[in-house]
There are 2 protein chains.
Amino acid sequence: MKHYNCKEELKLIIKDYPFLCKICKKEKALIEIPSQKIKACKNCYNNFFENKIKKTIEKYKMIKPQDKVGVFLSGGKDSSTLLFVLKKLYPDINLQAIFVNLGIRYYSDKLEDLVKNFCKNLEVPLFIYNLPEKEGYRIDDFIFTYFKNKVCSACGAIKRYLFSKIAKELELNVIATGHHLDDTVSIMLNLFFQGDFLGIAKLQPSLPPLFPNQVKKIKPLYTTPEKEILYYALLNEIPFENFKCPHADITPSKKIKELLTKLEDENRQIKYQLLSVFTKKLIPLIKSNYKEEVLSLCIKCGELTSSQDKICSRCKRVELLEKIDNKTLELTKEEFEDYIKNLNSNWVLIDLKNRENLLNESIKKLKRFFNSYRDKHIFLTASEPEIGYLFTLKLRKLNFKAYNIKTV
Amino acid sequence: MKHYNCKEELKLIIKDYPFLCKICKKEKALIEIPSQKIKACKNCYNNFFENKIKKTIEKYKMIKPQDKVGVFLSGGKDSSTLLFVLKKLYPDINLQAIFVNLGIRYYSDKLEDLVKNFCKNLEVPLFIYNLPEKEGYRIDDFIFTYFKNKVCSACGAIKRYLFSKIAKELELNVIATGHHLDDTVSIMLNLFFQGDFLGIAKLQPSLPPLFPNQVKKIKPLYTTPEKEILYYALLNEIPFENFKCPHADITPSKKIKELLTKLEDENRQIKYQLLSVFTKKLIPLIKSNYKEEVLSLCIKCGELTSSQDKICSRCKRVELLEKIDNKTLELTKEEFEDYIKNLNSNWVLIDLKNRENLLNESIKKLKRFFNSYRDKHIFLTASEPEIGYLFTLKLRKLNFKAYNIKTV
């Protein structure tokens, strides 16, 4: 796992330009502002970046002085940069950081450590919610359901529920999320492709509470391009994780994000242009024609839902997990020896040493290698337990009965 | 210039499948229906293809038995296939083919020959409109205006005007155009990116006449993917030109078309899905909210325009051409010797032999080679006059004063 708080990455974006900052004309230019193609000094880059966010916050009246503002940290650059900038712009505001440990093995705990250090240094109080401890399941468990190949979707529903629940617990008025320009536009375009116009109308920079006990949701990075956030995070040594989640799928909106970035080569303003079409033309058109969505409270958890059967999507997903008898994905050597007693000889133990590069190969090659064990329980050992676990998840997604043996 | 009426191309799409056609289960399967991923025999492919078009025509009541239907042939696969299928589906209808010779040197005349032969074999009457002869200018002349790098846009306005003018001259009730699924969806998406919602609403499969003396415009290939047209044209040996126009730009909607084709890898239905979002959700929403566009008659040519100054975009473009004093792009050797008499020594003669591959190189390399002659009149000779002319156009787009000398 790679932490991006190091000087190495910074070297790639900092250039030794032989001229002065185009903004202050005093300091040496050392970094480009991506959306402007202007070379600036560190100070002017920061001012430009922070001012844009400040303007967005003020334009949409996102934060009032008496608000208690929660920022859910994922460990990634977007949410951490958001917290950093909010603290810098509004030092007197009541800021609360939150981290949800989703119980993703070899991933969530590392993120928790990272976030703890970050908040300590930034002097922002941090609330940690441990999903496995509090609710008895982890996101990894979805590998046993039909969500195995769309874990992101299940995880999203769980997180939306937790946002709302934790906001109430901590008495937050406002939740600020790190959605940036690239996210917003690609999600909007993806919803457009699916014809989900109501979904598009909900993607506003500031979403007032829908019910009295609900929280307001704001997106201060709404008009900030992703690349500018990355540069800012590196420039200001904000620690973040860039190692992708083992469940990360190639979602349609990620694919669309890539394609938009390609269109950007020819039209630098394409993302802003699209955002403007959505917010100034399409959303007003949708709002003038569509009826308000009928919302009710979930009969299981009490959170809002638009589902007709009054069971929210989070509860439907959690119900699936409750039906799983055996959630074993990982065993110690001792547990393994015990476990195989009930399997007759219908199992195989595979040492992945010298084959670990298979992890980066195509699905086809992976399948070809394991296909002869299709009907057996497959126990894996690797040079590091993390690698064995990544194999286990990948094989489970392909419907193999794989397990990781923690040898180290 | 490559004609696609040859057997060579066909070999690439015809496969020797070791099973029977999945539709009739009698003949050998030899070609895939792209949108269905079904392997069929030639007869079933044709039936599938023609039936889809027939259904579209019937669904939108595009053609009545007494209509005189005009098809403007470009020489490309789409319009020629359309004419071919209309003739096959409705042998008794009053069909009229039209070809507009746009005066694009080394291009339009070849297309005219191709189209003449095609119509003769198909036994459909052909009307030829020669733009340079009738109106005194050719599309190439736009190279002298600020449209030099967007000739397609100027040409489009001219063609729309001619469609309407010729339709009246020939007393057509209906014009059928070869716009297919890929065209339609990428044009719609491009208009969406530009926020041109009125433009989207106009992209209907059947557009009734807007004024009493106007013609109805229909798009029978509206739901047919481009690839299926290509396969049909090859399978039925419809002659078409696949050599691109020397003015062809990479327009935004072409770029979007490419990207949609990439998204298709993961979602085979994406283009149909998008068409449905546009036609069933967005267009009705637009129509329920927007006022009708105010149209008037152009004070110059009498055709419809939405322009406030009542001069249509075709007439504005033609006005630009009228201001050009010298439209010389090409000279015989004798004309050249005469021409340089007035240039003092401010000219250079360049033999392109051994440098003709520069035509396929980057703009940068082309510029680098010619940059020292930036202020001079550049006369070019090449192994074939066509090649010299392509260089001339490319250099003119880069603001060089280039001329082709017809040596052969």
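Q: Which description fits α3(A) and α4(A), roughly parallel or roughly antiparallel to each other?
A: This is a predicted model, in which local features need pLDDT of at least 70, side-chain atom pairs count only at pLDDT 80 or more, and totals for chains, interfaces and linings use all residues. Residues are numbered from 1 along each chain as its sequence is written, chains are lettered from A and ligands numbered from 1 in the order in which they are written, and side-chain values use heavy atoms, leaving out hydrogens and water. Helix α3 (residues 77-89) and helix α4 (residues 108-122) of chain A (helices being DSSP runs of H or I of at least four residues, strands runs of E of at least two, numbered from the N terminus) pack at about 10 degrees with axes 11 Å apart, the axes being lines fitted to C-alpha atoms, for helices over the stretch in contact, and angles running from 0 to 180 degrees between N-to-C directions. Because angles under 35 degrees count as roughly parallel, over 145 as roughly antiparallel, 65 to 115 as roughly perpendicular and the rest as oblique, α3(A) and α4(A) are roughly parallel.

Q: Which residues of α4(A) make the contact with α3(A)?
A: Contact means heavy atoms within 4.5 Å. From α3(A) come A:S80, A:L83, A:F84 and A:K87, and they meet, on α4(A), A:F118, A:C119 and A:L122.

Q: Which strands are the edges of the open sheet of 4 strands in chain A?
A: The pairing in this sheet is parallel, in the order β11-β14-β13-β12, where two strands pair if DSSP finds at least two bridges between them. Each edge strand pairs on one side only, and these strands of chain A are β11 (330-332) and β12 (347-351).

Q: What is the bridge partner of A:L380 in β14(A)?
A: Strand β13 (residues 377-381) and strand β14 (residues 401-406) of chain A pair over 4 bridges. The residue of β14(A) that partners A:L380 is A:N404.

Q: Is B:T177 buried or exposed?
A: This residue lies in the loop between β6 (174-176) and α7 (181-193) of chain B. Its relative accessible area is 14%, and under 20% counts as buried, over 50% as exposed and in between as partly exposed (1.4 Å probe, protein chains only). B:T177 is therefore buried.

Q: What kind of axis relates chain A to chain B?
A: Chain A superposes on chain B by a rotation of 180 degrees with 0.0 Å of shift along its axis, at an RMSD of 0.0 Å, using least squares on the C-alpha atoms of residues with pLDDT of at least 70 in both copies. That relation is the one given by a two-fold axis.
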